[in-house]
Amino acid sequence: MQAQGPRENAASRVATVRPLQIRGRFFTAIALQPAGPVDDRFLEALDAKLRETPAFFENAPLVIDLEQSHGLDDPRELMLLAQELRARKLSVFGIQHGTPQQVAAAASAGLIALPGGRSVPVEQVAARAESRGRKAGQGGRDAPGEAPAPAPAKMITQPVRSGQTVLAEQGDLVIVGPVSSGAEVIAAGNIHIYGRLRGRALAGVMGDTTARIFCHALDAELLAIAGLYLTSENLAADVPRHYVQAFLDGESLRVEALK
């Protein structure tokens, strides 16, 4: 057998230590918040909601929000709840807002603990505060008493295909082209779609209730603004479909033609 030189050995080592890549991904998860005990009444209400808006839950990851729950600190109870959800084809994988006892119970039930969905990570808040402090010390635009500079819009100049997710963590999202069925566009601010919207559009995901969704043609699977949503099943036959805007009016999400 011919001996390998130093370069060949180095190449072999590189090949053996790079069989995969680890990358960050953003996904939209649905939070299910039990407001009382998980009993027959709860399951009946859940089944009614699933019949009402089946497309909203299809293939969506789901977390159990325990902020208003009573009990559910026994691993067997959480495991039973997870089984009931999975039996209904709901992809539950974790909990949030749990007590230390609930977090421990969730771990025993094979569920992970997650932070609150709309919260900004404390590290990100600290980094932004530090950045503003540096700019203030240098006489920058973010000095005390001045409004911070608005976040620039994220622009996508090609169609968003089925299975794709486009996220604007800050500011508006502008799509120059159609959004296909099975695609998802998400923004902290407004969403502007210069084309047909067939997939899911979620605006104001950080809680901005003034956010709006604009599109040239509406055939959406889901519209959501600051947590309130409409699915294709909820859009009435008389809802305008061309050159429209979606916005919040109190506790309801409205769709109107652009004037």
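These legends go with close-up views of a predicted model.

**View 1. Six strands side by side make an open sheet.**
Let's start with the layout. The strands line up in the order β5-β7-β9-β11-β14-β15, and their pairing is mixed. At the edges sit β5 (154-156) and β15 (252-257), each of which pairs on one side only. Go from one strand to its neighbour and you find a turn of 20° on average, direction ignored. What holds the strands of a sheet together? Strands pair through backbone hydrogen bonds, and they can do so in a parallel or an antiparallel way.

**View 2. Here are the parallel pairs around β9.**
Strand β9 covers residues 191-197, and it runs parallel to β7 (residues 173-175), with three bridges joining the two. To find your place, look for Leu173, which stands opposite Ile191 in β9. How many bridges join β9 to β11? There are five, and these two strands also run parallel. One pair to look for is His192 with its bridge partner Phe214 in β11.

**View 3. On the other side of β11, the strands run antiparallel.**
Strand β11 (residues 213-218) is joined to β14 (residues 242-249) by four bridges. You can follow the pairing with two examples: Ile213 has Ala246 in β14 as its bridge partner, and Ala217 stands opposite His242 in β14. Next comes β15, which pairs with β14 over six bridges, again in the antiparallel sense. In that pairing, Gln245 stands opposite Glu256 in β15. Now look at the hairpin of β14 and β15: two residues lie between the strands, and Gly250 takes a positive phi near 70°.

**View 4. Strand β12 pairs with β10 and with β13.**
Which way does β12 run relative to β10? The two are parallel, with four bridges joining β10 (residues 200-203) to β12. Ala201 stands opposite Leu223 in β12. Four bridges also join β12 to β13 (residues 228-231), but this pair runs antiparallel. Leu223 turns up again here, with Leu230 in β13 as its bridge partner. In the hairpin of β12 and β13, there are two residues between the strands, and Ala226 takes a positive phi near 50°. Check out the side chains along β12 (residues 222-225) too: Leu222 and Ala224 point one way, Leu223 and Ile225 point the other way, and all are buried.

**View 5. Helix α4 has buried residues along one face.**
How far apart are the end C-alpha atoms of α4? They are 18 Å apart, which agrees with the span of 18 Å that its 13 residues (75-87) should have at 1.5 Å a residue. The buried residues to look for in α4 are Leu78, Leu81, Ala82 and Leu85. Why do we say that they line one face of the helix? Seen down the axis of α4, its buried residues fall within an arc of 100°, so they share one face. Turned away from that buried side are the exposed residues Arg76 and Ala87. What do the buried residues pack against? Their partners are β1 (30-32), α2 (40-52), β2 (61-65), β3 (91-96) and α5 (100-108). Just after the helix, Lys89 takes a positive phi of about 65°.

**View 6. Leu62 is a buried residue in contact with Leu85.**
This one lets you zoom in on strand β2, where Leu62 is found. Is Leu62 buried or exposed? Its relative accessible area is 2%, so Leu62 counts as buried. Leaving aside neighbours within four places in sequence, Leu62 is in contact with Ile30, Leu32, Leu85, Leu90, Ser91, Val92, Phe93 and Gly94. Leu62 and Leu85 are 23 residues apart along the chain, and their C-alpha atoms are separated by 9.3 Å.

**View 7. Asp65 makes side-chain polar contacts with Gln33 and His97.**
We're still in strand β2, where Asp65 lies. Why does Asp65 count as buried? Its relative accessibility is 7%, and buried means under 20%. The side chains of Asp65 and Gln33 are joined by a polar contact of 3.3 Å. Another polar contact, of 2.9 Å, links the side chain of Asp65 to that of His97. Not counting residues up to four places away in sequence, Asp65 touches Ala31, Leu32, Gln33, Pro34, Gln96 and His97.

Note on methods: Residues numbered from 1 in each chain as written. Predicted model: local features only at pLDDT ≥ 70, side-chain atom pairs only at ≥ 80, totals over all residues. Heavy atoms only, no water. Pairing = 2+ DSSP bridges. Axes fitted to C-alpha atoms, helices over the stretch in contact; angles between N-to-C directions. Expected span 1.5 Å × (residues − 1). Buried < 20%, exposed > 50% of the residue type's maximum accessible area, 1.4 Å probe, protein only. Arc of directions from axis to C-beta. Contact = heavy atoms within 4.5 Å. Polar contact = N/O pair within 3.5 Å; in protein donor to acceptor, adjacent residues only side chain to side chain.
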